[in-house]
Amino acid sequence: MAVVQAKNVSVAFGAVTVIEALNLDIAEGEFIVLLGASGCGKSTLLNCIAGLQEIAEGEIWIGADNVTWAEPKDRGVGMVFQSYALYPRMTVRENLSFGLRMSKMPKAEIEARVKRAVEILQIGALLDRRPSELSGGQRQRVAIGRALVRDVDVFLFDEPLSNLDAKLRTELRVEIKKLHQDLGSTMIYVTHDQIEAMTLADRIAVMNKGVIQQFAAPKDVYMRPANRFVAGFVGSPSMNFLKAKVADGASLEVATPDGRRFPLQGYATAAPWRVGQEIEIGIRPEHWVVGTAPSGAVPVEATITVVEHTGPEALLWARVGDTTISVKVADDSGYEEGQALRVHFLPAQASVFDLATGERL
Amino acid sequence: MTAATPRHNPNANGPKPTSVSLGRVGLYAFIIVTALFFLMPLIVMLITSLKTMEQIRQGSIFELPWSLNFDAWVKAWGSACTGLNCTGVKVGFVNSFKILIPSTILSIALAAWTGYMLSFWRARGSTVIFAILLVGAFIPFQVFIYPLVRVFSTVGLFGTLPGIILIHTAFGLPVLSLLFRNFFTSLPIDLFKAARVDGAGIWQIFRHIMLPMATPMVVVAVILQVTGIWNDFILGVVFAGPANMPMTVQLNNIVNATQGVKEYNVNMAATMITAIVPLAVYFLSGRWFVRGIAAGAVKG
């Protein structure tokens with residue numbers, strides 16, 4: 001259990017800057033997810049914390065120690081890899097105890113720790129097998145066990161579930177969550193999977209091009225994205241964006257390209273609005289209201305182009321002017337291609353961004 | 001096989017392959033001829049070594065020996081003459097092993113470590129070292145001989161057992177290091193990272209994780225080195241010194257002796273004895289050799 005801090009960290013591969021002046025403050029016992037598309041620097045940041053990647057500038061602190069130049073083994077971190085990275089020529093037991101044997105721990109102590117990890121992860125039956133004789137889920141359990149036996153303060157997960165099939169992924173996700181609840185250790189988890197991020201994290205750090213875009217609780221990231229990138233990246237299908245202009249800053253009145261003017265009553269602004277400022281209004285697919293409009297809702301006229309049935313609900317793709325929006329509806333009967341559709345959104349649930357800077361307004 | 005009880009895929013189409021086609025006959029004929037072509041010298045050597053000189057003088061080289069006669073083998077091993085010494089090839093046999101074993105172990109150990117350092121640790125300047133190794137692997141070694149003679153005689157290693165061992169180790173390093181580097185580069189980097197996080201040091205990762213995984217590569221390296229060093233002639237004749245002459249040199253001295261009668265049966269027997277070690281290596285490890293090559297020995 002330890003505080004993890006990245007202070008002004010920059011990383012460069014040759015001339016390419018991968019991470020630039022990044023700051024991250026992780027509290028003791030927190031479960032943090034680094035979320036981003038591949039190449040955004042999230043794995044690099046994790047490697048920096050683990051000590052596997054040298055940083056060009058800045059400092060890494062774990063607990064009360066500046067570990068910027070410390071060896072990985074001296075940082076009190078355990079790491080779980082996407083490829084499992086189990087030692088192929090060793091049995092599960094040897095895999096688990098390898099780190100402890102290398103540090104010349106007494107045999108009895110090693111046995112006790114292996115036993116405890118095996119109980120937590122329920123892999124007792126696998127102890128004498130080789131990694132090649134295990135399934136993907138079992139391998140990843142062993143890999144987690146390898147961090148567990150070392151009694152580390154900080155667990156680092158590098159896309160641990162990405163190589164597993166959907167069902168196993170859900171199972172192990174719940175197990176990791178439970179492990180965090182039981183151990184209370186600080187955990188940092190890299191993924192590009194939004195469901196993993198939303199379900200596991202206490203806080204999510206959304207990254208893009210080596211910069212943290214937003215660092216907040218999953219609900220805030222989803223409901224109040226800090227900028228256009230976060231809004232578009234988190235959520236599936238993606239948030240819908242309608243272009244507009246600010247007509248009156250004080251009353252939050254906006255004008256759409258088709259000449260309509262309406263106030264965004266109930267929207268909590270994050271920054272002052274200028275008259276004439278070009279903006280985008282973001283509405284999540286499930287936030288559209290079809291049918292009777294609640295008070296204060298803004299109507300939008302659309303034409304259905306495609307109807308997708310997903311089982312419990314349907315996804316309607318529709319045209320509004322020259323943009324396409326997606327609308328999630330619970331009742332999937334009675335919608336047809338070409339049909340006119342009137343949908344409403346509540347300004348309180350929408351997000352408004354500056355078109356030029358992408359920042360939340 | 002009748003249509004009522006198909007034991008193969010009933011949806012298979014195309015003609016049923018006939019068991020003997022003309023192409024197949026031609027293929028086997030070619031293989032047999034090729035095998036005979038390479039086996040013939042060996043057969044001739046073997047039967048000649050078992051003949052008496054009297055039978056050899058009668059001239060037919062393919063005629064089988066009149067009786068199994070191992071006298072030539074005994075003489076070749078123990079009392080054939082090279083100039084004034086009449087001690088057979090046994091001295092050379094022992095010398096060759098004295099050179100072979102340390103050279104093989106030393107060169108492979110160093111090459112595995114070099115390959116490991118070049119693939120996982122990428123120390124400053126490792127690309128330069130890698131380039132030098134590449135060049136070293138392709139320069140004809142005759143170029144090095146004279147300068148090395150000068151260097152070795154200056155430091156007193158010329159004509160000594162440690163000297164020739166050092167020479168073989170050095171000449172084996174470039175190719176073997178490339179072999180190991182390519183193998184280690186093909187392993188997932190996550191293994192190395194996991195071991196570092198686990199607290200293993202540079203040596204522990206090599207000893208406990210990487211080297212056990214490299215077993216097929218070690219076998220390939222052993223085969224390359226054993227056959228290469230055993231068959232070496234020029235380095236042995238130049239660097240080993242008279243007391244440590246390897247078997248190949250001694251064999252040459254026996255076969256090319258200009259005095260006395262040419263004892264073809266003894267020469268053949270001496271050659272066979274000399275060839276036994278590489279032959280045994282190939283016979284015992286052919287399967288491993290192929291596996292090693294498949295596992296990345298020749299991958300760029």
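This note goes through a predicted model, taking chain A, then a helix pair in chain B, and then the contact that joins the two chains.

1. Overall build of chain A. Eight helices and 20 strands make up the regular elements of chain A, and the C-alpha atoms of this chain, taken along the principal axes, fill a box of roughly 75 × 45 × 35 Å. Of its 361 residues, 41% count as buried. When the contacts in chain A with a separation of 6 or more are considered, 66% of them are accounted for by residues 24 or more positions apart.

2. A sheet in chain A. Five strands of chain A form an open sheet in the order β13-β12-β11-β14-β20, and their pairing is antiparallel. The edges are taken by β13 (261-263) and β20 (351-354) of chain A, each of which has a single partner strand, so one side of each is left without a neighbour in the sheet. From one strand to the next, the twist averages 40°.

3. How one edge strand is held. Strand β14 of chain A, which covers residues 278-283, runs antiparallel to β20(A) and is joined to it by four bridges. For a reader who wishes to find this pairing in the structure, A:I281 is a useful place to look, as its bridge partner in β20(A) is A:V352.

4. Two packed helices in chain B. Helix α4 (residues 90-121) and helix α12 (residues 247-255) of chain B pack with their axes 7 Å apart and at an angle of about 160°. Because angles over 145 degrees count as roughly antiparallel, α4(B) is described as roughly antiparallel to α12(B).

5. Residues where these helices meet. On the side of α4(B), the residues are B:V91, B:G92, B:F93, B:N95 and B:S96, and in α12(B) they meet B:M247, B:V249, B:Q250 and B:L251. Sorted by class, the residues of this contact between α4(B) and α12(B) are five nonpolar and four polar, with no charged residue among them.

6. The contact between the chains. Which residues bring chain A and chain B together, and how many does each chain give? The contact takes 18 residues from chain A and 14 residues from chain B. On the side of chain B that touches chain A, α8 (189-197) and α9 (202-213) of chain B each supply at least two residues, and the largest share, six residues, comes from α8(B). By class, this side of chain B holds eight nonpolar, two polar and four charged residues.

Definitions and conventions: Residues are numbered from 1 along each chain as its sequence is written. Chains are lettered from A and ligands numbered from 1 in the order in which they are written. This is a predicted model: local features need pLDDT of at least 70, side-chain atom pairs count only at pLDDT 80 or more; totals for chains, interfaces and linings use all residues. Two residues are in contact if their C-beta atoms, placed from the backbone, lie within 7 Å. Ala, Val, Leu, Ile, Met, Phe, Trp, Tyr, Cys and Pro count as nonpolar, Asp, Glu, Lys and Arg as charged, and the others, Gly among them, as polar. Axes are lines fitted to C-alpha atoms, for helices over the stretch in contact, and angles run from 0 to 180 degrees between N-to-C directions. Angles under 35 degrees count as roughly parallel, over 145 as roughly antiparallel, 65 to 115 as roughly perpendicular and the rest as oblique. A residue is buried if 20 or more other C-beta atoms lie within 10 Å of its own, exposed if 12 or fewer, and partly exposed in between; C-beta atoms are placed from the backbone. Two strands pair if DSSP finds at least two bridges between them.
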